[in-house]
Amino acid sequence: MHVNNSVLFLPAILPHLNAADRAKVLQVEMRVAVLLWIARGRPSFYIKSTLEASTEYPYNPNAKVDFGETAVIDRKQFTSGSGGDSPWYDLVGAASVHSEEHHTKAVRSLAYFSQHFGQRVKGSISLQTEEIKREMLRLQLKKDAGEYKSIFESIEELDGTAFVRTAGQLFETQGWTRTDTDNLW
Amino acid sequence: MSANQASSGAAADGKVQVSSIAKPPSRSVLAPFPGFTPASGEAARRVLDDNHKVEIKLLTYAASPADRSLPTYLCSQRFHIFFNKQGFHNHFSHHVLASLALGLPASGFDKIYEKEKKDMLDESFEYNSKPELVDPKSLSSDKKPENYGKHGGVVERIDESNWTKHLGDHAYYWPYLVFFEDYIKKHGVNAALEKFVFSEEANAKDVDSLARFVGGVLHPLIHVGYGLDFNMPAIVAEGEPISCSFRKAEHADDRLLSAGLAMSMLTENNWRRIFPTDMKDLAPVSSVGGLVASARSAAAQAVNQISQALPSSVVEQASQRLGALHLGDAEHTGASASKPYAGLSLLSILDLIGQDDELAPNAAVKASDKVKMRSGLQNAGPILLKKGYFDLWKLTEEDVKDPNEGTKEGGWMDKWEELVWLSVLTLGATSKPNRKPKHDFFL
C-alpha cells in the first residue's frame, strides 16, 4: 500500500534532483519495496487466477447514471460482464468521497499509473528467464536449472488492465462507501 | 495578513493566530482530474488553513533573559506531524489533497475535516503544545530549565550548525519545521533536499538522512511528494526556486515540504541496514546501452550535417537507411521495463529471490513475527545484501535522464515503470486465488 502511494510521487520528485540523487532515491525506493514484499511473506504473484480473475469493469453498485431520455445506464448490469462506460469515473468518484484515506490515495495512484501504462498489451511485460536461471545457479540457490519455478503465475497474461482490476479489488475490500462502519459519509 | 505583519504586531509573550494559507493549492502536476473548481479549491484551502493555522508566539529566552539580541518567533502549525506517541502520521493534508485532485466537490471537505479531527487531530495531545525556542548558546549545560527538551517546554532552536543534534526526538518537530521553512524560503526546495536528504553530510554515520526519508514506511517521502506534486510547476517554469518559494510562502505546499523534511528528521534510521555505508553503489553506472545511444545520436547528427551538402536523392536514400537502423531514435534505444540497459529488471530480481529458500515464506520472516518489518530488516536484510540482489538492479546514466519531453518515454520512465509494476502486482496479484482479496494497508 505505501509502496503504491509513494511510487506515485517519484515523477514529482525526480525532476528536482541531480542525476546522482535520482539514482539514490530510485535505489532506495526499490530496496524498501523489495524488503516490504519479503516482510509480507514473499507472496507469489497470481496474475491469471487472482489479478485477471478480478473484473475489468468494477462499477459502483450504488450508482445509477441517468443521462435523461437518450441513455440510462444502470451499472449493475455491467458489473459481471463488459463495460458500459469507463469504470474509472465510478472509481475516481467513489475514491474521492471515501473515508479511508489510504484507499483514496491508492486509487489515485492506480488511476495515474493507468494513465501511463494502461495500454500495455499482454506479453509486453516479461521476465528475463535466462538471466534469472544463470544468477540462480551462480548464487547456488538451486543445483539445476530445471529446478527454476517462477513465482509469477502466467506473466504473459499481464497487461494494462492490471490497474483497473486492482482498483476494483480495493473497493471490494474497502467498500464503495463506508456508511456501514462510519456514518460521516 | 502575512505572518510577518502579524508577528510585528504581537505583544511580548502573547500569542497571535493568523491565517497561514491564503491561496488554494495549485493543481496537481501529476494527475489533475477534472473537477477542481474555484469552490473546491477554496474549501480545501479553508480546512488546510485551519489545520495549519500559524500560531505566532513571541518568546523570551528562558535561560538567559538578558540576551534578546536574537528575538525568536515560533511560527507553527496547529498539529504535530505525529498524532500519537508511536509516531503514527498526521495524514490530514494527504486526504484533503488526494480528494481535491480526484475532483471532490466543495461540500466534501468539511466532512474530511470532521472525520480526521475525530481520528487524529486532538489539540490537547501533548505533542501539540508548542515549545519555546531558545538560542543553544543561551543555555549553559549545568543550568538547564526543568522542562528542557520536553513537549511544550524549552527546546533549542535549529540552525545549520545543530541540525543533526536532535534527530529522532519528537519534541523537536517544531524547531525543525521553523528551520526548514526558513531554509526553503531562502534557498529553494531543491537545495534543501540535496543538503538535508542526499548529501554526504546528511548521510554521515547516525545522521542517515536518506534512511530516515524512507523510514516510517516511506512517509517523509510521501509528504514531500505531496508538497512537490501541488507546487512544482511554478518552480520548474520559472527556474528560480528561491523567488518562487517566497511568492508561494502562503501556500500549503511549502508547509508540506518543510513538514515532510521535519518528519524525516524525527524518523528512525533503521532502514540504514539495507543501504551501503558510503552509498557509492547507489550511483548510476555507465552502460553499453548509454554508449550506443550517444553513438547513435552523434551518427544521426553527422548524417544530418552531411545531408545538407548533398543532392536530395542521396539524402532520401540515406534517411531510409537511417530509419532501418533506427539511428535517428537516439532518445529511446529499446530498453524497457522488462529489458533494462543493464542488470536485471525488478520483476526478474523478485523472481530470482523467489528461488531462494533462505528467503522463503516462514524462513527469514515468520508469519508469527509480531513486527514483520523489523524481522525483515534484521533477518532478510543481511541475506539480500550478502547475495547482492540489490546490486542486480542497475541504473545507468540513461536511466536517470529526463524522459523525452514529447513522448514521455525513455530516461527514468523505464525504471519508474518497473516500480509501478512491482507496486500494482504486490497489491492486486498477491491475494490467494478464489478467495476474497486481502490488502495490507500497513506495509
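Helix α8(A) has its buried residues covered from two chains: the cover includes α4 (47-51), α5 (87-96) and α6 (101-117) of chain A, along with α16 (413-428) of chain B. Keep in mind that this is a predicted model. Here's a quick tour of that helix, the contact between the two chains, and one histidine in chain B.

**How confident is chain A?**
- Chain A comes out with a mean pLDDT of 88, and 84% of its residues reach 70 or more.
- The pLDDT drops below 50 over residues 179-185 of chain A. Even so, that stretch has 13 contacts in the model beyond near neighbours in sequence.

**Helix α8 of chain A**
- This helix runs over residues 162-174, and its 13 residues should span 18 Å at 1.5 Å a residue. The end C-alpha atoms are 18 Å apart, so the length agrees with what you'd expect.
- Most of α8(A) is covered, with eleven of its 13 residues buried.
- At the start of the helix, the buried set includes A162(A), F163(A), V164(A), R165(A) and T166(A). A167(A), G168(A), Q169(A), L170(A), F171(A) and Q174(A) are also among the buried residues.
- Right after α8(A) sits G175(A), with a positive phi near 85°.

**Where chain A meets chain B**
- Chain A puts 105 residues into the contact, and chain B puts in 118.
- About 10,400 Å² is buried between chain A and chain B, and carbon and sulfur atoms supply 71% of that area.
- On the chain A side, H16(A), R31(A) and R108(A) lose the most area to chain B; together they make up 8% of what that side buries.
- There are 37 residue pairs in polar contact between chain A and chain B, counting pairs with both residues at pLDDT 80 or more.
- Helix α3 (residues 19-39) of chain A gives the largest share of the side of chain A that touches chain B, at 21 residues.
- The salt-bridge count between chain A and chain B is five. One salt bridge pairs the side chains of R22(A) and D402(B), at 2.9 Å from N to O.

**H89 of chain B**
- You'll find H89(B) in the loop between β3 (73-76) and α3 (92-101) of chain B.
- H89(B) counts as buried because its relative accessibility is 11%, and the cut-off is under 20%.
- The side chain of H89(B) makes a polar contact of 3.1 Å with the side chain of H219(B).
- Setting aside neighbours within four places in sequence, H89(B) also touches residues including I81(B), F82(B), F83(B), M120(B), G216(B) and M263(B).

Note on methods:
Residues are numbered from 1 along each chain as its sequence is written. Chains are lettered from A and ligands numbered from 1 in the order in which they are written. Side-chain values use heavy atoms; hydrogens and water are left out. pLDDT is the predictor's confidence in each residue, from 0 to 100. Contact means heavy atoms within 4.5 Å. Helices (H or I, at least four residues) and strands (E, at least two) are DSSP runs, numbered from the N terminus. The expected span of a helix is 1.5 Å times one less than its number of residues. Buried means under 20% relative accessible area, exposed over 50%, partly exposed in between (1.4 Å probe, protein chains only). A polar contact is a pair of N or O atoms within 3.5 Å; within protein, one must be able to donate a hydrogen and the other to accept it, and residues adjacent in sequence count only if both atoms are side-chain atoms. Buried area is the accessible area (1.4 Å probe) that two parts lose on being put together, summed over both. A salt bridge is a side-chain nitrogen of Lys or Arg within 4 Å of a carboxyl oxygen of Asp or Glu.
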